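These are my notebook entries on one structure. I record what I looked up, entry by entry.

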Amino acid sequence: WIDATTQRWVEEDPRSPFALTARGLYLVAAAYQARGTKFARDTSEIQFMQMRSIARKALSKLNEALEIEPRLMPAYYGLIDLSKIYGDPDLLDSTLKKALAADAADESIYSMWMTAVQPKWGGSLSQMQHVADEASTHVRDNPLLALLQAQPYCYSAEMLTCRDCGNASSLQKRQAEALRL
């Protein structure tokens, strides 16, 4: 019903940034669903093609929404998700620049940015730390941003748990670093 509802909303009000954003966000979710949840090596080329086709439509709707209302933060959330789907650091960077110009202390933007630069999405722990450092400069405006300081350490500890269950000292060291924050 969400597909039909968002499509009808856009048809009835094609210049509504809210309708366009709702449609775009629905299409982002549909693109992820088309891809599936398996590792890339276990995902068919047809699934990737379907994902990219749906993602292109989402990108168009979200960009249309932001042309009309450049402060509509949920549209930026969708674009950050699309940067992960495409593996496109330029899309991520341009989206972040515009989103942070609209609201430099938006916790969701920083959280999604943190996820987008995790090593499993092609980023690195140093990029995650950069996000945490950037977020920390806006803690006065949004105290929730302080929570991001622990994420690089938590991610590292989680990866150690998954990869090296026998290396308890490395895991305990990372967990202790995260707790000190």
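How many nonpolar, polar and charged residues are there in the lining of the largest pocket? I counted by class and found six nonpolar, five polar and three charged residues.

**Entry 1. Model and confidence**

I note at the outset that this is a predicted model. I looked up the confidence for the protein chain: the mean pLDDT is 90, and 88% of the residues score at least 70. Among the elements, helix 2 has the highest mean pLDDT, at 97, and helix 9 (residues 168-180) has the lowest, at 61. Where pLDDT is low, predicted coordinates should not be read in detail.

**Entry 2. Overall fold**

I find nine helices and zero strands in the protein chain. The pattern along the sequence accordingly reads α-α-α-α-α-α-α-α-α. Of the 181 residues, 40% are buried. I then checked the contacts with a separation of 6 or more: residues 24 or more positions apart account for 52% of them.

**Entry 3. The largest pocket**

I return to the largest pocket, which holds about 250 Å³ of space. It is lined by 14 residues, and those closest to its centre are Pro-89, Leu-92, Ala-116, Trp-121 and Gly-122. I asked which helices supply at least two residues of this lining. They are helix 4 (73-86), helix 5 (89-102) and helix 6 (107-116). Helix 5 gives the largest share, three residues.

**Entry 4. Leu-92**

I followed Leu-92, one of the residues closest to the centre of the largest pocket, to its place in helix 5. Is Leu-92 buried or exposed? I record Leu-92 as buried because its relative accessible area is 7%, against a cut-off of under 20%. Beyond its neighbours up to four places away in sequence, Leu-92 touches Ile-80, Ser-83, Trp-113, Ala-116 and Val-117. Of these, I looked at Ala-116 in particular: it lies 24 residues from Leu-92 along the chain, and the C-alpha atoms are separated by 8.2 Å.

**Entry 5. Helix 6**

Why do I call helix 6 largely enclosed by the rest of the structure? Seven of its ten residues are buried, and therefore I describe it in this way. The buried residues are Ile-109, Tyr-110, Ser-111, Met-112, Trp-113, Met-114 and Ala-116. Two of them, Trp-113 and Ala-116, are also among the residues that Leu-92 touches. At the start of helix 6, I found a side-chain oxygen of Asp-106 within 2.9 Å of the backbone nitrogen of Ser-108.

**Entry 6. The second largest pocket**

I looked up the second largest pocket and obtained a volume of about 210 Å³. Its lining consists of Tyr-32, Arg-35, Gly-36, Phe-39, Ala-40, Phe-48, Met-51, Lys-84, Ile-85 and Trp-121. Helix 2, helix 3 (45-68) and helix 4 each give two or more residues to this lining. By class, I count seven nonpolar, one polar and two charged residues. I note that Trp-121 lines this pocket and is also listed among the residues closest to the centre of the largest pocket.

**Entry 7. Thr-43**

I next examined Thr-43, in the loop between helix 2 and helix 3. Thr-43 counts as buried because its relative accessibility is 9%. Which backbone oxygens does its side chain reach? The side chain of Thr-43 reaches that of Lys-38 at 3.4 Å and that of Phe-39 at 2.9 Å. Leaving aside neighbours within four places in sequence, Thr-43 is in contact with Arg-35, Lys-38 and Phe-48. Arg-35 and Phe-48 also appear in the lining of the second largest pocket.

**Entry 8. Arg-23 and Pro-17 in helix 2**

I closed with two residues of helix 2. Arg-23 lies in this helix and counts as buried, at 9% relative accessibility. Its side chain makes a polar contact with the side chain of Gln-7, at 3.1 Å. Not counting residues up to four places away in sequence, Arg-23 touches Asp-3, Thr-6, Gln-7, Val-10 and Lys-61.

Pro-17 also lies in helix 2, which spans residues 17-35. I record Pro-17 as buried, with a relative accessible area of 10%. Outside its neighbours within four places in sequence, Pro-17 is in contact with Ala-65, Ile-68, Glu-69 and Leu-72. Pro-17 and Ala-65 are 48 residues apart in sequence, yet 4.2 Å apart in space, C-alpha to C-alpha.

Definitions and conventions. Residues are numbered from 1 along each chain as its sequence is written. This is a predicted model: local features need pLDDT of at least 70, side-chain atom pairs count only at pLDDT 80 or more; totals for chains, interfaces and linings use all residues. Side-chain values use heavy atoms; hydrogens and water are left out. Helices (H or I, at least four residues) and strands (E, at least two) are DSSP runs, numbered from the N terminus. Buried means under 20% relative accessible area, exposed over 50%, partly exposed in between (1.4 Å probe, protein chains only). Contact means heavy atoms within 4.5 Å. A polar contact is a pair of N or O atoms within 3.5 Å; within protein, one must be able to donate a hydrogen and the other to accept it, and residues adjacent in sequence count only if both atoms are side-chain atoms. On a 1 Å grid over the protein atoms alone, a cavity is a set of points where a 1.4 Å probe fits but cannot get out, and a pocket is an open set with protein on both sides within 12 Å along at least five of seven lines; lining residues have an atom within 4 Å of a point. Grid points are joined across faces, edges and corners, and a volume is the space filled by probe spheres set on the points. Ala, Val, Leu, Ile, Met, Phe, Trp, Tyr, Cys and Pro count as nonpolar, Asp, Glu, Lys and Arg as charged, and the others, Gly among them, as polar. pLDDT is the predictor's confidence in each residue, from 0 to 100.
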